[in-house]
Amino acid sequence: MDQNNYFPVNDEDGRHFDGKWFYKFLNNGEKVRRQWLLYSKSKNAIFCFACLLFSNNDIRKSTFSNNGFKDWKHLNPSVAEHENSKNHKQNFLDWKELEKRLRDCKTIDYALQNSIKNEKEKWFCILKVIVDGILFCAKNNLALRGSSDKIGEANCGIFLSLMEVISHYNPILLAHVKHITDSNKPTISYFSHKIQNEIICIMGQQVRQTIFEQIKKSKYFSILFDCTPDKSHQEQMSQIIRYVYISNGDMIKESFIDFICTNEKSGSGISNEILNTIRNNGLDIMDCRGQFYDNGANMAGSINSVQSHILRVNELATFLPCSAHSLNLVGVHAAEVSPMMITFFGLIQNIYLFFSGSTSRWELLMQTMKITLKSHCDTRWSTKKQADSILGQIDKVNLSLQNQNQTIDVATKSLEGLIECIQNIRENGFENALNEAKKIAILINIATDFPTTRKIKRKKYDLESNETETNKSSETIVKLQCYQSLDSIITSLKWRFEKMSNISLNFSFLSGRNLSTMGIDDIKKWSDDLALLYSVDLNGDVYPNLEVALRIFLTMPVTTATCERSFSKLKLIKNYLRSTMGQERLSNLAILSIEQEIASKIDYTSIIEEFASKKARKVKFV
């Protein structure tokens with residue numbers, strides 16, 4: 001540290017205190033720390049700690065214990081003279097004698113200090129059990145409170161019941177519980193909901209602070225936000241941050257931060273809340289390299305959406321819509337391209353409703369067909385019976401995209417494989433599917449012939465061709481509409497994931513196979529091209545660029561599935577019976593549940609000791 005920054009210059013003579021005065025040199029050349037010497041930055045003066053403590057009269061007081069010494073021109077010999085003075089030596093001996101007596105517990109208030117120590121140890125033991133009990137309930141999404149606040153009573157809640165069970169095996173906690181239950185007067189228990197909230201807040205902040213420290217060490221990060229209403233009809237926005245942090249073999253992390261209760265609906269309003277949240281968390285939005293939301297117009301639009309507002313602040317915060325959501329939209333649009341497709345999926349849903357509406361029909365279905373039906377859902381296109389079908393291929397890719405460690409290059413290859421697979425189905429799959437459907441129809445005694453349709457007659461106009469119309473068979477109509485749906489899927493996949501493909505192409509040279517086969521000139525060219533896009537982060541040096549570019553690339557997520565997973569926790573934590581839960585308690589319980597791996601590793605000893613020390617001082621000793 002620059003001494004001029006820590007020890008300010010005196011305006012009068014242009015001098016400042018030098019840190020070398022904290023040490024003195026012996027005749028044999030050894031350097032010894034002056035333990036008594038202190039520097040006050042606010043007063044820009046030095047003091048003697050021993051004299052400050054023990055100079056109780058005017059005779060023993062000196063400049064070093066009164067207003068401080070700041071005559072930097074005369075540090076030599078003033079420091080040495082004070083150090084060798086009789087009063088300083090006596091004060092120094094008194095200081096060291098007090099240290100020894102405190103260490104040996106031989107002070108005049110020994111009994112009081114010993115009582116405080118014993119009381120502190122007792123409360124530490126009790127609070128340790130309370131913290132573990134609260135953490136257990138939080139990790140398992142359990143409601144802590146019941147209808148009664150008294151331990152041992154019926155409906156006292158999971159937390160108090162847990163404390164009662166643990167007291168059977170913990171003598172200190174057992175004595176504490178008996179003291180509470182036997183006392184007719186209000187007594188200190190630390191089982192109340194206020195103490196619960198206080199401890200939950202402390203633990204949640206500790207987990208959150210650990211995550212922020214990891215993010216700051218990683219430097220680059222991406223933000224993921226998504227919204228959903230909770231049981232109390234409040235809009236909850238989940239905040240997830242993705243970053244690269246190497247620890248215990250893990251590298252890519254997507255960490256939950258908190259739930260934000262928002263009433264904003266516009267792109268500008270939501271973006272302001274996001275920017276304020278990132279700023280309040282101590283993070284720099286300029287280090288953000290990716291932003292990911294769903295395909296809503298207020299989030300993903302090109303003019304006045306959230307992503308456009310954040311891009312105006314940081315043009316390197318690349319936006320990509322959630323690929324899993326985009327893939328679901330591909331399936332939804334393909335199922336609506338023709339009336340026949342709409343009718344088909346409606347018929348499938350009616351079949352499900354027919355069998356699921358009766359337990360006997362459902363049991364008969366299970367016994368005869370050995371299959372399980374699923375309700376129609378726009379966000380999950382899955383099928384177990386035909387894994388090689390279109391729905392099966394889409395669901396397989398969808399599941400792979402939702403992996404937390406998924407990267408853009410692997411996701412792009414999966415989507416390219418899906419396009420190729422659907423293209424093959426379009427070219428060769430219709431006849432195979434038709435033959436398979438006819439075999440199944442024969443097994444269940446259903447006619448395999450397509451119903452004939454009545455020929456539609458219409459009037460020809462003068463300019464129309466006089467060529468003879470050919471009636472299309474029902475089979476041909478079905479085939480054409482199937483092709484129409486497949487073409488819709490292929491076209492949508494190409495344009496919806498075009499931006500992801502371009503990003504993957506920009507970073508494609510970073511893969512191990514390309515780096516091992518490409519020449520140094522080619523790597524240099526790709527690296528220089530990428531440096532043009534990320535001029536703030538990259539320069540012309542190849543080797544440092546590769547490491548930084550890899551971190552930026554791995555920081556970019558593929559989906560916002562982690563936000564959806566946090567909503568599952570939200571439904572468990574803030575359910576119908578806990579709908580009045582406060583926002584702070586909700587966020588802290590959520591982070592303890594979602595990030596329970598970090599929560600389990602944090603040492604809360606220092607927090608408990610501080611908490612116990614404060615509570616122990618309130619006890620009246622007899």
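This note walks through strands, backbone details, a helix, cavities and aromatic rings in a predicted model.

1. **Ground rules.** Because the model is predicted, local features need pLDDT of at least 70 and side-chain atom pairs count only at pLDDT 80 or more, while totals for chains, interfaces and linings use all residues. Residues are numbered from 1 along each chain as its sequence is written, and side-chain values use heavy atoms, with hydrogens and water left out.

2. **Strand E8 and its neighbours.** Helices (H or I, at least four residues) and strands (E, at least two) are DSSP runs, numbered from the N terminus. Strand E8 covers residues 288-293, and 6 of the 6 are buried, so the strand is largely enclosed by the rest of the structure. Here buried means under 20% relative accessible area, exposed means over 50%, and partly exposed lies in between (1.4 Å probe, protein chains only). Two strands count as paired if DSSP finds at least two bridges between them. E8 pairs in the parallel sense with strand E5 (residues 221-229) over 4 bridges, and Leu224 stands opposite Phe292 in E8. Strand E9 (residues 318-321) also runs parallel to E8, joined by 4 bridges; there Tyr293 faces Pro321 in E9.

3. **The E5-E6 hairpin.** E5 has an antiparallel pairing with E6 as well, over 9 bridges, with Thr228 opposite Gln236 in E6. The two strands form a hairpin with 5 residues between them. Of the 13 residues of E6, 10 are buried, so to speak of the strand as mostly covered is fair. In the turn, His233 has a positive phi of about 65°, and His233 is exposed, with a relative accessible area of 73%.

4. **Two more backbone spots to look at.** Most residues other than glycine have a negative phi, and most peptide bonds are trans. Asn155 has a phi near 60°, a positive value in a residue other than glycine. Asn155 sits in the loop between helix H5 (110-139) and helix H6 (158-167) and is exposed, at 59% relative accessible area. The peptide bond from Asn76 to Pro77 is cis, with omega near 20°, and Pro77 is found in helix H3 (residues 75-83).

5. **Helix H23.** This helix (residues 583-594) has 12 residues and reaches 16 Å from its first C-alpha to its last, close to the 16 Å expected at 1.5 Å a residue. The expected span is 1.5 Å times one less than the number of residues. H23 is mostly covered, with 9 of its 12 residues buried, among them Arg585, Asn588 and Ile591.

6. **Cavities.** The whole structure holds 2 cavities of 30 Å³ or more. On a 1 Å grid over the protein atoms alone, a cavity is a set of points where a 1.4 Å probe fits but cannot get out, and lining residues have an atom within 4 Å of a point. The largest contains about 80 Å³ of space, and its lining divides into 9 nonpolar residues, no polar and no charged. H5, helix H8 (193-218) and helix H25 (605-616) each supply at least two of these lining residues, including Leu127, Ile199 and Phe611 in the full lining. The second largest contains about 50 Å³, with 4 nonpolar, 2 polar and 2 charged residues around it. Arg496 and Lys499 are among its lining residues. For these classes, Ala, Val, Leu, Ile, Met, Phe, Trp, Tyr, Cys and Pro count as nonpolar, Asp, Glu, Lys and Arg as charged, and the others, Gly among them, as polar.

7. **Aromatic pairs.** A search of the whole structure finds 17 aromatic pairs. Rings of Phe, Tyr and Trp (its six-membered ring) pair if their centres lie within 6.5 Å; planes under 30 degrees apart count as stacked, over 60 as edge-to-face and the rest as tilted. Trp36 and Phe64 are edge-to-face, at 6.2 Å centre to centre with 75° between the planes, and they lie 28 residues apart. Trp36 is buried at 2% relative accessible area, and Phe64 also counts as buried at 5%. The ring centres of Tyr293 and Phe319 are 5.8 Å apart and the planes are at 25°, so this pair is stacked. Tyr293 lies in E8 and Phe319 in E9, so the pair ties together parts 26 residues apart in sequence.

Conventions: 1 Å grid on protein atoms, 1.4 Å probe; cavity = no way out; pocket = protein on both sides within 12 Å on 5 of 7 lines; lining within 4 Å. Points joined across faces, edges and corners; volume = space filled by probe spheres on them.
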